[in-house]
Amino acid sequence: DPSAYLVEYKNSLTAFNAAKKDTIEGKGRLNNLISSALFEFLGGKGIPTHFIRRIDDTHQLVRSVKIVPIEVVVRNITTGTLCRRLGVKEGIRLPRPLIELCLKDDALGDPLITEDHALLFGWTTTEQLQKIKEIALKVNSLLSEYFLPLGIVLVDFKLEFGTDGEGNLLLADEISPDTCRFWDRDTNDRLDKDRFRKDLGNVLGAYEEIWRRISGKR
């Protein structure tokens, strides 16, 4: 079926544009379960996504899309590269969500870009960009409300978008501890890939905890 793809979730872990690599048995299964649950939740709230259904432990069926070459980062609390770039303290809760755009290009290190870059170089259109930002903010609101009763703070996350054969804009890629920062509401423990980035240990345990809380809610 040319209108659908099979996505495989692997056990590999990468950070810093693949400068740091590892493999953890069971990680692919957890990301698939988490991402499937979140796509189902967002789809039920009216967010257009590429997700069709979960096939098994490590596979999803998704709609075929042409990926927009822009990564959208939504930040609620300061951490990571934002602190390093701007010299601001970690842990500042922002008065409103901050949206950043990056060019999706591993060879260049996914550089930060402005809206003018995105438009003038033809990586997206004015209409597309406006819709991308609207969807990103809606996803942020929905997921923040979803996770808070689970004792999880949505710190920031990365989204990717694509267009289907009819030109419809769809949320694509994945939504998991690989692409989101999750902090425990009470302890500020990191429950995401930062445990791998910062050598905090027990990476799989953090992913398992996210799934335990999501599956308990379901």
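**Close-up views of a predicted model**

**View 1. Aspartate 1 and its surroundings.** Aspartate 1 is found in the segment before strand 1 (4-8). This is a predicted model, in which local features need pLDDT of at least 70 and side-chain atom pairs count only at pLDDT 80 or more, while totals for chains, interfaces and linings use all residues. Residues are numbered from 1 along each chain as its sequence is written, and side-chain values use heavy atoms, with hydrogens and water left out. Helices (H or I, at least four residues) and strands (E, at least two) are DSSP runs, numbered from the N terminus. Aspartate 1 has 69% relative accessibility and so counts as exposed. The cut-offs are under 20% relative accessible area for buried and over 50% for exposed, with partly exposed in between (1.4 Å probe, protein chains only). From aspartate 1 to arginine 63 the C-alpha distance is 9.9 Å, across 62 residues of sequence.

**View 2. Helix 1 against helix 6.** Helix 1 spans residues 27-44 and helix 6 residues 203-217; their axes come within 10 Å and cross at roughly 30°. Axes are lines fitted to C-alpha atoms, for helices over the stretch in contact, and angles run from 0 to 180 degrees between N-to-C directions. The two helices are therefore roughly parallel to each other (angles under 35 degrees; over 145 is roughly antiparallel, 65 to 115 roughly perpendicular, the rest oblique). The crossing of helix 1 and helix 6 is left-handed, meaning that the near helix is turned anticlockwise from the far one by less than a right angle. Helix 1 contributes Lys27, Leu30, Asn31, Leu33, Ile34, Ala37 and Leu38 to the contact; helix 6 contributes Leu204, Tyr207, Glu208, Ile210, Trp211 and Ile214. Contact means heavy atoms within 4.5 Å. By class, 10 residues are nonpolar, 1 is polar and 2 are charged. Nonpolar covers Ala, Val, Leu, Ile, Met, Phe, Trp, Tyr, Cys and Pro; charged covers Asp, Glu, Lys and Arg; the others, Gly among them, are polar.

**View 3. Lysine 27 and aspartate 178.** A salt bridge joins these side chains at 2.6 Å, N to O. The term requires a side-chain nitrogen of Lys or Arg within 4 Å of a carboxyl oxygen of Asp or Glu. The count comes to 19 salt bridges. Lysine 27 sits in helix 1 and aspartate 178 in the loop between strand 11 (169-172) and strand 12 (180-184), so the pair ties together parts 151 residues apart in sequence. Both lysine 27 and aspartate 178 are buried.

**View 4. Glutamate 160 and lysine 104.** Their salt bridge has its closest N and O atoms 3.2 Å apart. Glutamate 160 belongs to strand 10 (residues 152-163), lysine 104 to the loop between strand 8 (93-103) and strand 9 (112-113), so parts 56 residues apart in sequence are tied together. Glutamate 160 is buried, at 4% relative accessibility. Lysine 104 is partly exposed, at 36%.

**View 5. Arginine 181, aspartate 194 and their network.** The closest N and O atoms of this salt bridge are 2.8 Å apart. Arginine 181 lies in strand 12 and aspartate 194 in helix 5 (residues 194-197), so the pair links parts 13 residues apart in sequence. Arginine 181 and aspartate 194 are both buried. Shared salt-bridge partners join Arg75, Arg85, Glu100, Asp156, Arg181, Asp194 and Arg197 into one network.

**View 6. Valine 74 in strand 7.** Strand 7 (residues 70-77) holds valine 74. Valine 74 is buried, at 0% relative accessibility. Leaving out residues up to four places away in sequence, valine 74 touches Pro97, Leu98, Ile99, Ala136, Asn140, Val155, Asp156 and Phe157. Glycine 43, 31 residues away along the chain, is separated from valine 74 by 19 Å between C-alpha atoms.
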